[in-house]
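Trainee: May I ask for a close look at a single helix of this protein and at what surrounds it? I should be grateful for one connected explanation.

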Amino acid sequence: MNKYSERLYNGVIKENPTLVLMLGMCPTLAVTTRAFNGLGMGLTTLVVLMLSNFMISVLRNIISDKIRIPAYIVVIASLVTILQMLLQAYIPALNDSLGIYIPLIVVNCIILGRAESYASKNPPLLSMMDGVGMGLGFTIALTIIGAFREILGNGTIFGLSQITIFNFSISFPKGYEPMSIFVLAPGAFFVLALLTAFQNKMQLPSATNKKGKDCTSGCANCNSQKGGK
């Protein structure tokens, strides 16, 4: 795996900002009442992450350490303002759905965190790929959460009650009664908790490692981590 694809893997799987690092919880829980909202919020954040990482990396040797955080915010705020104006002009429905959460991208801890921890220390193209990876991870997580909440709470997916895939029609069974709690605040916590638990389960080590030693107590207590004894 080269360093660019490793950045994508890191953002989507290894350090998914939503399911692993638990960052950006405010938009994650607030806007994911529908899959379309989750996808839209994820993609807008992805664009800002990608461009801000690139620009901050380009300017990393010019920006003084004493003013780096205000400088990062100025760069990010400029990009968010441009993006919001484009959404208002071309995708007003998405702009109205996301509302105040678009301007709040400026202080999203995912974007500021990657600017401080990665973009300010690495070359532009690698930093841009890091932004793409983190943005994709965020987009996938929000879209899945929004899809689950919409299916369970409204009985639709992307606003549709029937989907056709490769000539196969998928529709909700007659008499299906949506559970409205899932489009309310508690539903967001339920779905996030289930997806986080599933993600953590998939990352658990196997019962034994390559040397045949017991790993059920976790890697932190594994003797193989201590000089192979």
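Mentor: The protein has eight helices and two strands, in a model that is predicted. Read from the N terminus, the order of the elements is α-α-α-α-α-α-α-β-β-α. Of the 229 residues in the protein, 38% are buried. Among contacts between residues at least 6 apart in sequence, 71% join residues at least 24 apart.

Let us take helix α6, which spans residues 109-117. Which residues of α6 are buried? They are I110, I111, R114 and A115. These four cover an arc of only 130° around the axis, and therefore lie on the same side of α6. A general property of helices helps here: an α-helix has 3.6 residues a turn, so residues three or four places apart point the same way.

What covers this buried side? The cover includes α1 (3-14), α3, α4 (68-90) and α7. Consider α4 in its packing against α6: the two helices meet at an angle of about 125°, and their axes are 11 Å apart. At that angle, α4 is oblique to α6. Their crossing is right-handed. On the side of α4, the contact is made by R68, I69, Y72, I73 and I76, while α6 contributes I111, L112, A115 and E116. Sorted by type, the residues of this contact are seven nonpolar, no polar and two charged. I111 and A115 thus appear twice in this account: they belong to the buried residues of α6, and they take part in the contact with α4.

Two other helices of the cover, α3 and α7, also pack against each other. The axes of α3 (residues 35-58) and α7 (residues 124-154) come within 7 Å and cross at roughly 170°. The two helices are therefore roughly antiparallel to each other. The crossing of α3 and α7 is right-handed. The residues of their contact comprise 17 nonpolar, eleven polar and two charged.

For a final comparison, turn to Q199, a residue of helix α8 (residues 185-203). Is Q199 buried or exposed? Its relative accessible area is 13%, so Q199 is buried, the limit being under 20%. Apart from neighbours within four places in sequence, Q199 is in contact with I13, L19 and V20. I13 falls within α1 (3-14), one of the helices that cover the buried residues of α6. Q199 and N16 are 183 residues apart in sequence, yet their C-alpha atoms are 9.7 Å apart in space.

Note on methods:
Residues numbered from 1 in each chain as written. Predicted model: local features only at pLDDT ≥ 70, side-chain atom pairs only at ≥ 80, totals over all residues. Heavy atoms only, no water. Axes fitted to C-alpha atoms, helices over the stretch in contact; angles between N-to-C directions. Parallel < 35°, antiparallel > 145°, perpendicular 65-115°, else oblique. Left-handed = near helix turned anticlockwise from the far one by under 90°. Nonpolar A, V, L, I, M, F, W, Y, C, P; charged D, E, K, R; others polar. Buried < 20%, exposed > 50% of the residue type's maximum accessible area, 1.4 Å probe, protein only. Arc of directions from axis to C-beta. Contact = heavy atoms within 4.5 Å.
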